[in-house]
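Biologist: I should like to go through this model with you, beginning with its charged pairs. Please reason briefly and close each reply on the item I ask for.

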Amino acid sequence: MNKKLELLAPAGNFESLIAAIQNGADAVYISGMRFGARANASNFDNEELIQAVNYAHERNVKIYVTVNIIINDDEIEDCIKYIDFLYNCDVDAVIVQDIGIADLISRYFPDFEMHASTQMSISNSIDGLFYKNMGFRRLVVARENSIQEIESIKSSSDLEIEAFVHGALCVSYSGKCLFSFMQGGRSGNRGNCAQPCRMKYSLTSDKGIKLHENKFVLSMKDLSTITNIKQIAGGCIDSLKIEGRMKQPEYVYTVVKMYRKYADQYLKLQKEGKGKSSYHVSEADKRELLATYQRRGYCEGYY
């Protein structure tokens, strides 16, 4: 078992940040007012971001900041100035999607820790080696990977691996969908996905046969792996990531509390030399966790 297993929580505002830290998060990922993939969250202005870093560091919690959209030419200068600001206010790591921006960070801020965003769709060992050579310290693997594939990525790159364990799943390949942009000009790669996949649709075959009427034909169930931590929290995964920067502080409070409780339970069982069969999630805790947020139910994803 990896003794440095990290529980990583989302925060779209300061109230969620407090909820995450007070309930046992080892690290929290947030965004500034620009360059983040959740542009419609409240997010943190520069003053709030400094306060967030100070609040977290006083409690031995790390702060990772998302700069995980595709950057346009006319934004590069502002983006690098923002990176400089993050570096100087002691942010622990920056989560990046744009390869060009990653190259500039590695060139001008070589000791600033970079994490490769899940938006990079890291799905094989060659991806891992590529990003290692670019200077990344951690890979946020695509949600479409199995445990065996994650193990392969880990063994080939020997980088830290961060994997989603709870929250929304994308119908496309880790954020590569253009549905929102084609429908209304709101691009997911610019942080503005309108989530049209969550709507109901009618589906008709090319022969005119109605296959579905006003149903959720694209919307995914959410991910929940609370009962699978004993499989997921192996040596290949270093950070258990909870999705939800658009969700309410109450959601962050409950989800972080539950995953902290059961991650600790599993670590304790491992320390005592007990097998995976000893790991157990109570029915009451399952109900509390799953009642916190319901879209169309939950699944175990590709794990």
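Biologist: At what N to O distance do the side chains of R138 and E162 meet in a salt bridge?

Modeller: The model is a predicted one. In it R138 belongs to strand β6 and E162 to strand β7 (residues 160–167), so their pairing ties together parts that are 24 residues apart in sequence. The side chains form a salt bridge with an N to O distance of 2.7 Å.

Biologist: What is the relative accessible area of E162?

Modeller: Its partner R138 is buried, because its relative accessible area of 3% falls under the 20% limit. E162 is also buried, and its relative accessible area is 0%.

Biologist: Which residues are joined with R138 into one network by salt bridges that share partners?

Modeller: R138 has a salt bridge to E162, and R138 also meets E6 in a salt bridge, at 2.8 Å from N to O. Shared partners of this kind join R138 into one network with E6, E160, E162 and K241.

Biologist: How many residues apart in sequence are the parts that R138 and E6 tie together?

Modeller: The side chains of R138 and E6 meet in a salt bridge. R138 lies in strand β6 (residues 138–140), while E6 lies in strand β1 (residues 6–10), so the parts tied together are separated in sequence by 132 residues.

Biologist: Is D26, the salt-bridge partner of R260, buried or partly exposed?

Modeller: The side chains of R260 and D26 meet at 2.9 Å, N to O. R260 is in helix α9 (residues 249–271) and D26 in the loop between α1 (14–22) and β2 (27–31), so this pair ties together parts that are 234 residues apart in sequence. R260 counts as buried at 15% relative accessibility. D26 has 29% relative accessibility, so D26 counts as partly exposed.

Biologist: How many salt bridges does the structure hold?

Modeller: The pairs R138 with E162, R138 with E6 and R260 with D26 are among them. The count for the structure is 19.

Biologist: Let us turn to the nonpolar interior. Which element gives the most to the largest nonpolar core?

Modeller: The largest nonpolar core has 76 residues, and L17, V28, I30, L49 and L86 have the most contacts inside it. Nine residues of this core come from the element that gives the most, α9.

Biologist: Which residues does L17 contact, leaving aside its neighbours within four places in sequence?

Modeller: L17 is one of the residues with the most contacts inside the largest nonpolar core. With neighbours within four places set aside, the contacts of L17 are A11, V28, I30, F44, A52, Y55 and I63.

Biologist: Where does V91 lie, and is V91 buried or exposed?

Modeller: V91 lies in the loop between α3 (76–88) and β4 (93–96). Beyond its neighbours within four places in sequence, V91 is in contact with L49, V53, I63, V65, L86 and F112. At 6% relative accessibility, V91 counts as buried.

Biologist: Finally, the surface. What accessible area do V171, L203, I209, L211, V217 and L218 have together?

Modeller: L211 lies in strand β9 (residues 210–215). L211 is partly exposed, because its relative accessible area is 48%. The six named residues form a nonpolar patch on the surface, and their accessible area together is about 460 Å².

Notes
Residues are numbered from 1 along each chain as its sequence is written. This is a predicted model: local features need pLDDT of at least 70, side-chain atom pairs count only at pLDDT 80 or more; totals for chains, interfaces and linings use all residues. Side-chain values use heavy atoms; hydrogens and water are left out. A salt bridge is a side-chain nitrogen of Lys or Arg within 4 Å of a carboxyl oxygen of Asp or Glu. Helices (H or I, at least four residues) and strands (E, at least two) are DSSP runs, numbered from the N terminus. Buried means under 20% relative accessible area, exposed over 50%, partly exposed in between (1.4 Å probe, protein chains only). A nonpolar core is a set of buried Ala, Val, Leu, Ile, Met, Phe, Trp, Tyr and Cys residues joined through side-chain atoms within 4.5 Å. Contact means heavy atoms within 4.5 Å. Patches are made of residues with over 30% relative accessible area and no salt bridge: like charges are joined within 9 Å, nonpolar side chains (Val, Leu, Ile, Met, Phe, Trp, Tyr) within 5 Å. Accessible areas come from the Shrake-Rupley method with a 1.4 Å probe; for residues, only the protein chains shown count as cover.
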